[in-house]
Amino acid sequence: MYSTDPSFTYPDETVASEENLTNAQQDLRVQLDKKNRGGKAVTLITGYYGSEDKLNTLAKMLKSKCGVGGAAKDGEILIQGDFRDKVVLLLQKEGYKVKKSGG
């Protein structure tokens, strides 16, 4: 779409549609990450689209089920340690489409 009107703005449809994705429509990736962490391994969950509140709720559930700490920011969840298999099973039980990526 192209417009010569300087005050024209494009309608932003992607933000509204991403906020309404169900768990089954989410395509999450679970991987082990050691970069920039002093050699410590973390389980990294990427690909989440939704509100920050829902992301924090999901992160809290995963951290409590794994019994470790972590963080949630920028659409990513970090779980301290290598819990890839456990996280994949927990997310599948919640109805998410999950894939292990990386080694």
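Start with how far along the chain the contacts reach: counting contacts between residues at least 6 apart in sequence, 50% of them join residues at least 24 apart. Keep in mind that this is a predicted model. The protein has 103 residues, and 27% of them count as buried. Its inventory is 3 helices and 5 strands, and if you walk from the N terminus, the elements come in the order α-β-β-α-β-β-α-β.

**Two helices that cross**

A handy place to begin looking is the pair α2 and α3. Two packed helices are described by the angle between their axes and the distance between the axes. Here, helix α2 covers residues 52–66 and helix α3 covers residues 84–93; their axes come within 11 Å and cross at roughly 130 degrees. That angle is neither in the 65 to 115 range for roughly perpendicular nor over 145, the cut-off for roughly antiparallel, and α2 and α3 are therefore oblique to each other. As for handedness, α2 passes α3 in a right-handed crossing.

Who does the touching? On the α2 side the contact is made by Leu58, Leu62, Lys65 and Cys66, and on the α3 side by Lys86, Val87, Leu90 and Leu91. Sort these contact residues by type and you get 6 nonpolar, no polar and 2 charged.

**The nonpolar core**

Some of those names come back in the largest nonpolar core. This core has 18 residues, and the members that touch the most other members are Ile45, Leu58, Leu62, Ile77 and Leu91. Which elements give two or more residues to it? They are β1 (27–33), α2, β4 (76–80) and α3. The largest share comes from α2, with 6 residues.

Leu62 is a good residue to click on, as it belongs both to the contact of α2 with α3 and to the core members with the most touching partners. Leave aside its neighbours within four places in sequence, and Leu62 is in contact with Ile45, Ile77, Ile79, Val87, Leu90 and Leu91.

**A buried glutamine in a loop**

Next, have a look at Gln26, in the loop between α1 (13–19) and β1. Is Gln26 buried or exposed? The cut-off for buried is under 20% relative accessible area, so Gln26, at 2%, counts as buried. Not counting residues up to four places away in sequence, Gln26 touches Leu21, Gly47, Tyr48, Tyr49, Tyr96 and Lys97.

**Two loop residues with positive phi**

Asn36 and Asp74 make a nice pair to view together. Asn36 is not a glycine, yet its phi is positive, at about 55 degrees. You'll find Asn36 in the loop between β1 and β2 (42–46). With a relative accessibility of 82%, Asn36 counts as exposed.

Asp74 is also a residue other than glycine with a positive phi, near 55 degrees. Its loop is the one between β3 (70–73) and β4. Asp74 has a relative accessible area of 69% and is exposed.

**Pairs separated along the chain**

Finally, here are some residue pairs, with their separation along the chain and the distance between their C-alpha atoms.

| Pair | Separation along the chain | C-alpha distance |
|---|---|---|
| Gln92 and Asn23 | 69 residues | 9.4 Å |
| Lys73 and Leu55 | 18 residues | 8.1 Å |
| Arg84 and Ser101 | 17 residues | 9.7 Å |

What about the surroundings of Gln92, Lys73 and Arg84? Gln92 sits in helix α3, and its relative accessible area of 42% makes it partly exposed. Arg84 also has its place in helix α3, but Arg84 counts as buried, at 15% relative accessibility. Lys73 belongs to strand β3 and counts as exposed, at 52% relative accessibility. The cut-off for exposed is over 50%, so Lys73 passes it at 52%.

**Where to look again**

If you go back to the model, helix α2 ties several of these threads together: α2 crosses α3 at roughly 130 degrees and gives 6 residues to the largest nonpolar core. Helix α3 is worth a second look too, as it holds Gln92 and Arg84, and it also brings Val87, Leu90 and Leu91, among others, to the contact with α2.

Conventions. Residues numbered from 1 in each chain as written. Predicted model: local features only at pLDDT ≥ 70, side-chain atom pairs only at ≥ 80, totals over all residues. Heavy atoms only, no water. Axes fitted to C-alpha atoms, helices over the stretch in contact; angles between N-to-C directions. Helix = DSSP H or I, 4+ residues; strand = E, 2+ residues; numbered from the N terminus. Parallel < 35°, antiparallel > 145°, perpendicular 65-115°, else oblique. Left-handed = near helix turned anticlockwise from the far one by under 90°. Contact = heavy atoms within 4.5 Å. Nonpolar A, V, L, I, M, F, W, Y, C, P; charged D, E, K, R; others polar. Core = buried A, V, L, I, M, F, W, Y, C linked by side-chain atoms within 4.5 Å. Buried < 20%, exposed > 50% of the residue type's maximum accessible area, 1.4 Å probe, protein only.
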